[in-house]
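Please work through the following exercises with the sequence and the structure at hand. Each task is followed by a solution in steps.

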Amino acid sequence: DRLPTGTPVATRNELKDRTYVIKQGDVLSEVAARFNVSVNQLVKFNKIEDPDKISVGLKLLIPDNNDD
C-alpha cells in the first residue's frame with residue numbers, strides 16, 4: 001500500500017527564514033498550504049499583482065499565520 005502524496009510541508013530552514021523560492025510547477029495554493037497560510041495572505045504580503053502569473057525564481061516572503 002502506498003501512502004497518499006500531499007502538499008509537502010515546509011522544511012526547517014524555510015520555516016526559519018520565512019521565505020520560499022517558486023519552482024517550476026508551483027502554484028500559490030500549494031505554497032500557501034505548505035506554510036499553513038492563505039493564498040490571500042501570500043498575495044497581499046508579497047504585493048503580487050496577478051496570482052495566476054507567478055514566475056519561477058520568485059522569492060516569496062511568508063507571513064506569520066496571524067498576519068492578514
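Strands are DSSP runs of E with at least two residues, numbered from the N terminus. The model examined here is predicted.

**Exercise 1.** Determine where L60 lies and whether L60 is buried or exposed.

*Solution.* Step 1: L60 belongs to strand 2, which spans residues 59-61. Step 2: buried means under 20% relative accessible area. Step 3: the relative accessible area of L60 is 0%, so L60 is buried.

**Exercise 2.** Identify which residues L60 contacts beyond four places in sequence.

*Solution.* Step 1: once neighbours within four places are set aside, the contacts of L60 are R18, T19, Y20, I22, L28, V31, N46 and I48. Step 2: for one of them, Y20, the C-alpha to C-alpha distance to L60 is 5.1 Å, although 40 residues separate the two in sequence.

**Exercise 3.** State which residues form the largest nonpolar core and which helix supplies the largest share.

*Solution.* Step 1: the core has 12 residues, namely Y20, I22, L28, V31, A32, F35, V37, L42, V43, I48, L60 and I62. Step 2: helix 2 (28-34) and helix 3 (39-45) each contribute at least two residues to this core. Step 3: the largest share, three residues, is that of helix 2.

**Exercise 4.** Describe the surroundings of A32 and V43.

*Solution.* Step 1: A32 is placed in helix 2. Step 2: with a relative accessible area of 2%, A32 is therefore buried. Step 3: not counting residues up to four places away, A32 touches V37, S38, V39 and L42. Step 4: V43, with neighbours within four places left aside, contacts L28, I48 and P51. Step 5: A32 and V43 are 11 residues apart in sequence, and their C-alpha atoms are 9.8 Å apart.

Conventions:
Residues numbered from 1 in each chain as written. Predicted model: local features only at pLDDT ≥ 70, side-chain atom pairs only at ≥ 80, totals over all residues. Heavy atoms only, no water. Core = buried A, V, L, I, M, F, W, Y, C linked by side-chain atoms within 4.5 Å. Buried < 20%, exposed > 50% of the residue type's maximum accessible area, 1.4 Å probe, protein only. Helix = DSSP H or I, 4+ residues; strand = E, 2+ residues; numbered from the N terminus. Contact = heavy atoms within 4.5 Å.
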